[in-house]
Structures are given as C-alpha cells and as structure tokens.
Amino acid sequence: MDQNGKRYTQAGQTPPEPSPMDRLVLDRHVRFVGDPVALVVGRTEKACERALPLIRVQYEVLPAVLDMDIALDNPTVIHPEENWEEVPGIGGDRMRNLVSHEESGSGDIDAVLSSCDVVIDRTYRTQACQQAMMETFRSYAEIDAFGRLVITASTQIVFHTRRIVANALHIPEAMIRVRKPRIGGGFGAKQTAVSAVYPAFVTWKLKKPSMIVFSRVESQTASSPRHPMELHVKLGAMKDGTIRGIALHTLSDTGAYGEHGPTTIGLSGHKSIPLYGSAEAFRFTGDCVYTNHMSSGAYRGYGATQGIFAVESAVNELADTLHLDPLAIREKNQVREGMVMPAYFGETAGSCALDRCLESVRRRIDWDENFPVKELGDGKCLAYGIAMAMQGSGISAVDQGSATIKLSDGGFFNLIVGSADMGTGSNTTLSQIAAEVLDVDLARVQCFDADTDISPYDSGSYASSTAYVTGGAVEKAARKLREKILAYGAELLHCDPEGMWGHWK
C-alpha cells in the first residue's frame with residue numbers, strides 16, 4: 001500500500017464522519033497485536049493456512065503506550081504520519097496522541113461547587129468490554145457483469161460500508177454495491193467495517209471472488225470493543241439532597257485507531273449530566289487518546305454507559321454521605337418534561353416520563369419497605385439499588401430512515417428498507433407496522449434486506465433507531481400507499497375516497 005496515500009476510517013456514522021482518517025488497508029507501522037501485516041490469498045482455506053507459517057515478518061520494536069493516563073503528550077507518538085486527517089473542530093492533535101477534545105458548560109461551576117454543603121469528588125474507571133455476537137465478522141466480494149465491486153457483508157451499515165470501502169480503495173462509490181443478508185448479531189461492533197475492506201481489496205485487484213471469515217479468536221483480538229474510560233466526577237449538593245452542580249471529565253482510550261472515538265466520549269457526558277435538570281451549573285470536558293491497544297468502536301450504549309455508571313455511582317455516594325434515600329434524591333433532582341436538559345445541546349425535554357417511571361419502580365418493588373436490603377432467611381438476602389439512564393432513538397437531525405412499499409401481484413406488499421436486522425427482529429417489526437397501517441395479514445408483507453443498489457438510503461441500524469426512525473418511514477410510506485389504493489378504488493367504484501376505508505376494512 002502507498003504509505004503516503006489518503007487514509008480512511010472504518011467507523012460507520014452519518015457524514016461528516018467525525019472520526020479521524022488514520023488507517024491504511026495495510027500499513028508498515030503496526031500499532032497493536034492484531035493489526036494486519038499481510039493479506040494471504042489462496043484458492044482454498046487450506047492453502048492459506050499452509051502459507052501463513054511460511055511468512056516471516058521483520059519488526060522494528062518501538063516503544064508502546066499502554067496506559068491512557070500517560071498517552072496524552074507522550075514522547076511516543078502513535079500516529080506520526082503526515083497524512084493523518086481529522087474533521088475540523090474535533091480538537092485532535094496526532095502529535096499529542098489526541099483524537100479529540102471537547103468542552104461544554106453552563107454557569108460558574110467552580111463557584112457553585114464551592115458554595116455547596118457537600119461535594120462528592122470521585123474517579124471511576126471502566127474497562128474494555130468485548131462483544132461476542134453469534135456470527136463472527138465476515139465478508140464476501142465479487143465483480144459483477146458490469147465490472148462493479150459487489151460486497152456481501154455481515155454489517156449493520158450497508159451505505160456507510162460502501163463509503164468506507166470507496167475511501168479505502170480510492171474508487172468511486174458508484175463502482176460498489178453492498179448487500180446484507182440476515183446476520184447473526186451486531187451489538188454495535190458491525191457499525192465498524194471490521195472485515196469488508198480486505199476481500200474488497202483482493203477482489204478489486206485480482207478481479208476474482210474472495211471471502212474472509214474471522215475466527216472467534218480473531219473477533220476477540222482484532223475487532224472493536226467498548227472504549228475503556230476514566231471518569232472524574234465532582235457532584236455538589238446541599239444537605240437536603242438538592243444537586244446544584246456537576247463537573248465531569250472523561251478520558252477515553254480509543255486504542256490504535258480513532259473510529260467512533262469523538263462521538264462515544266461526547267455521549268459519556270451528554271447522556272449522563274442531563275438526567276439532573278435541577279443543576280444550576282455543569283461542566284463537561286473530554287479527551288480521547290490513542291494507545292497501542294486494540295482499536296475500540298461502537299458497542300451497545302455507545303459511551304453513555306460509561307458516563308452514566310460514573311455519575312450514578314457519585315449520586316449514590318452522595319445519598320450515602322447525606323444519609324438520604326437514593327431514590328428520593330433522584331426524584332428531587334430528575335429532569336422533567338419541559339425542562340432544558342443540561343449538557344444536551346440546549347434542548348428541552350419535549351417528552352419525558354422519568355418521574356412516572358421512578359414512581360412505578362418505587363411502588364412495584366416496595367422500595368420504601370425493602371431498601372436497602374430484604375432478609376430472605378437461611379442466610380440469604382435481596383439487595384436493592386437504583387440508577388437512572390437515558391437513551392435516544394437515532395441521532396436528531398442527522399440520521400435518517402427510508403422505506404419503499406409497493407403492491408405486488410396477488411395482493412402482496414413488498415417492503416424495501418436499508419436498515420439491518422441483526423437478529424433483533426426489526427424486519428418483523430417493520431412488516432408489522434406496514435401490515436397494521438394497510439390492515440392486512442402480516443404474511444402479506446414481504447420485507448427485503450438492505451442493498452445499496454435497491455434499498456432507499458438508510459443510516460443503518462444503530463443508536464436504538466430502527467423501530468423508531470425507519471419504522472416512522474415505513475408508517476408514512478404505508479399511509480401514502482393506502483391513500484393511493486383507496487383513491488384508485490374510489491375512482492373505479494365512483495364513490496368518495498373517504499368512504500372507501502370502511503370497504504377496505
């Protein structure tokens with residue numbers, strides 16, 4: 001590979017992709033155990049396995065950075081190459097091992113904390129956590145009759161995969177088609193194009209079909225785990241439990257490459273601090289750094305899990321310090337509908353049932369009687385704890401879903417979507433939505449999997465978005481089709497379209 005060529009990222013997010021362009025298909029500078037050093041191509045899997053031990057690689061051993069606490073401004077620079085690129089405004093600096101830097105805040109947080117009765121000052125660490133979907137990473141590539149590259153991949157993001165492969169191979173997106181059959185799990189790992197680039201490269205160069213299937217070991221050692229993070233929380237409150245200020249600093253270990261680094265670290269603050277709408281002031285800062293660990297990526301919860309763990313742990317420690325009920329503290333300080341959510345881009349909580357949720361929890365588990373522990377006898381007990389969380393469905397004003405529905409022969413409806421059923425049953429969910437709107441049996445709706453040549457554009461299945469975002473598109477498309485069918489029926493029967501619905505049903 002051309003070491004001076006344009007780099008790419010394997011992250012699959014809606015453009016402009018915030019992750020730095022820091023990869024080559026093969027790079028002479030390898031950065032972690034599991035980084036690819038060669039592509040071995042053979043007619044059979046057995047031939048490739050026989051060739052592998054015959055390869056000898058000469059390495060120049062370089063100093064490694066294995067601790068995120070010492071990565072920033074470390075003398076060892078993990079990405080010294082000059083063709084490293086970032087999206088403007090992310091705050092990265094490769095010479096500092098810094099992928100991104102973020103700052104946001106409101107009010108004088110230092111003054112607020114200094115005037116509080118109690119300040120909880122804690123540092124929490126979360127470890128890397130690897131995903132283990134039933135189907136490992138795998139991709140197949142071939143050249144079609146028109147000379148185009150056709151990729152069949154186990155992916156959550158067919159349209160983003162097309163863009164990623166185009167960037168990696170330096171060819172137009174129009175020369176690439178990506179298809180997704182039903183796949184065996186994703187959890188976020190397949191929001192990163194872990195496997196697609198390699199057979200795509202081989203097939204594009206040799207014009208012959210190729211396939212790669214990761215072993216379970218390879219899926220664990222050369223893919224995309226959750227980002228390890230270190231989170232420093234300062235939580236200021238009064239003796240009655242009123243939370244007045246929250247300061248959070250997150251340090252995130254993105255590993256050897258920066259895919260999903262800037263966005264996951266952002267959500268560690270933007271999904272934890274907004275839970276407490278009573279806060280007078282907040283400050284959120286974050287540094288995402290390179291290390292010589294396996295590259296991290298998307299994983300269920302996408303950074304929010306780490307931030308929520310830290311902030312909620314601090315709130316529980318606050319309750320313990322003040323000898324107050326941790327559920328009552330949350331009821332007192334929770335964000336409510338109509339409040340401006342701190343650290344959430346100035347947005348107002350337009351719909352929020354958190355207060356009713358907490359009340360339901362209190363009632364259903366007999367919290368007042370059982371907290372903190374219920375003795376069960378025979379040396380056994382049942383312990384009670386509480387934490388809050390928030391999660392969105394898709395990324396507002398960025399991600400999008402689309403759907404096409406057509407009436408086929410025999411009264412069947414073809415539903416074509418670009419989202420990805422990962423074993424989550426989303427194809428069934430989307431078909432149910434269409435069937436309900438059209439008032440037909442579910443068996444009459446046939447849902448087709450994502451294909452960049454056939455499907456309407458969809459950001460992909462991540463961020464808990466498919467049922468809500470793509471489902472919304474399915475509902476709109478089904479309503480439009482129903483209106484057209486009713487209008488045509490009314491024309492044939494010479495009656496008012498408004499009265500046709502009763503005949504339909």
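**View 1. Strands β8 and β9 run parallel.** In this predicted model, 10 bridges join β8 to β9. Strand β9 covers residues 281-290. Look for T250 and G286: G286, in β9, is the bridge partner of T250.

**View 2. A helix belongs to a unit with these two strands.** The helix is α6, residues 261-270. Together, β8, α6 and β9 make a β-α-β unit. Its hand is right-handed.

**View 3. Strand β8 also pairs with β7.** Here the sense is antiparallel. The pairing of β7 and β8 extends over 9 bridges. Strand β7 spans residues 229-237. One pair to find is L235 and I246: I246, in β8, is the bridge partner of L235.

**View 4. A hairpin links β7 and β8.** Between the strands lie 5 residues. Focus on G241 in this hairpin. Its phi is positive, near 95 degrees.

**View 5. Strand β8 is mostly covered.** The strand takes in residues 243-255. Of its 13 residues, 12 are buried.

**View 6. Nonpolar residues make a surface patch.** Six names to locate are V37, L52, I55, V57, Y59 and V61. Their patch has an area of about 570 Å². Now pick out I55, which sits in the loop between α1 (45-51) and β1 (98-106). Is I55 buried, partly exposed or exposed? The relative accessibility of I55 is 36%, so this residue counts as partly exposed. That value falls between the cut-offs, because buried means under 20% and exposed means over 50%.

How values were computed
Residues are numbered from 1 along each chain as its sequence is written. This is a predicted model: local features need pLDDT of at least 70, side-chain atom pairs count only at pLDDT 80 or more; totals for chains, interfaces and linings use all residues. Side-chain values use heavy atoms; hydrogens and water are left out. Buried means under 20% relative accessible area, exposed over 50%, partly exposed in between (1.4 Å probe, protein chains only). Helices (H or I, at least four residues) and strands (E, at least two) are DSSP runs, numbered from the N terminus. Two strands pair if DSSP finds at least two bridges between them. A crossover is right-handed if, with the strands pointing away from the viewer, the path from the first strand over the helix to the second runs clockwise. Patches are made of residues with over 30% relative accessible area and no salt bridge: like charges are joined within 9 Å, nonpolar side chains (Val, Leu, Ile, Met, Phe, Trp, Tyr) within 5 Å. Accessible areas come from the Shrake-Rupley method with a 1.4 Å probe; for residues, only the protein chains shown count as cover. A salt bridge is a side-chain nitrogen of Lys or Arg within 4 Å of a carboxyl oxygen of Asp or Glu.
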